[in-house]
Amino acid sequence: MKHFDPDTLEEPWLRVVARDATAREVDLLPATSGMTFVARLDGAAMVDSNGVFEQFWDRFRFPDYFGWNWNAFLDCLRDLNWLPADRYLVVIENSAQLLSGNSEERGHFFGLLKRVAEHWHSPHQKPRGVGIPFTVLLVCEPGEAGADLFGPGELPGGFVYPVEFLRAVESGLVGLEPWWLLEGDALRARAVGLLERFPERRLLPFARREDNDDVACWDLDSGAVRVVHDFTTPGWENRQEFATFYDWLRAALEDFIKVAGADSPTATRRRRVAGRDAAGLL
């Protein structure tokens, strides 16, 4: 039996939209015959796990036996026999505030939603052997981030920032550890440095990894998003290539989920630093 790979789906399970574009973005989602269940949640009411459970319990009508923990959360969303539908659409308003105080829990949350989407997209044991789309829309406020990016006069001729990139910046999704948005002096210095180190390439950076020298850039010659390893010998810099920004963002989200895990090196390092800081206060 061929293994089901959700990454081969034409339709991504996670989308980032601006508030003023939400209706248009919903209209662009592939049509599904039958009934669509839409759950609208408020990220401002989900700053911690209790808020997440409360919002999903209310909107998805979780049963009385819901255990108010992450395992029960996953089990209920992969069941939903009390809410049969041909498509599930989760719209999270004010997405920048969602679990904003706990990056590890935020990563865990997205990891669980990805597992839910994989479960529903798989045709295995589904009615008529057809997968059921489970899509999440993260709604952000236009201008929410106010990042210091290249201005129109600084961008290379013919290039403009893609709308999906600006939406992701506005919602804080290009600050997913280990990836961090490049802005201000750091952005401009990195762009100059890439040009000096790789003079044959036309690379416009937008994010960097904190744990190595990888930089995410637009390749202005091909139009793709390319991850290059900076400070290496020209010809050895290529790491990954993505057809679109959203393809890169999904990969960055996967990195974030891994790093935010309790057993990740970053989390372990944080605990050690926190332990030392606490000891110093005694």
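This is a quick walk through a few salt bridges, one helix and one loop residue in this structure. Keep in mind that we're looking at a predicted model.

Let's start with helix α2, residues 49–59. Its buried residues are Ser49, Gly51, Val52, Phe53, Gln55 and Phe56. Toward the end of the helix, Asp58 makes a salt bridge with Arg59, with the closest N and O atoms 2.5 Å apart. Asp58 counts as partly exposed, because its relative accessibility is 41%, and Arg59 is partly exposed too, at 29%. After α2 comes Arg61, and its phi is positive, near 55°.

Okay, on to salt bridges more broadly. How many are there? The count comes to 15. One of them pairs Arg202 with Asp221, closest N and O atoms 3.1 Å apart. That pair links distant parts of the chain: Arg202 sits in the loop between α6 and β6, and Asp221 in the loop between β7 and β8. Asp221 is at 55% relative accessibility, so we call it exposed.

Then there's Arg209 with Asp255, at 3.3 Å between the closest N and O atoms. Arg209 is in strand β6 and Asp255 in helix α7, so this bridge ties together parts 46 residues apart in sequence. Arg209 is buried, because its relative accessibility is just 16%. There's also a network, where salt bridges with shared partners join Arg201, Asp219, Arg226, Glu237 and Glu241.

Last stop: Asp213, in the loop between β6 and β7. What does Asp213 touch, leaving out residues up to four places away in sequence? Val228, His229, Asp230 and Phe231. Asp213 and Val228 are 15 residues apart in sequence, with their C-alphas 8.3 Å apart.

How values were computed:
Residues numbered from 1 in each chain as written. Predicted model: local features only at pLDDT ≥ 70, side-chain atom pairs only at ≥ 80, totals over all residues. Heavy atoms only, no water. Buried < 20%, exposed > 50% of the residue type's maximum accessible area, 1.4 Å probe, protein only. Helix = DSSP H or I, 4+ residues; strand = E, 2+ residues; numbered from the N terminus. Contact = heavy atoms within 4.5 Å. Salt bridge = Lys/Arg side-chain N within 4 Å of Asp/Glu carboxyl O.
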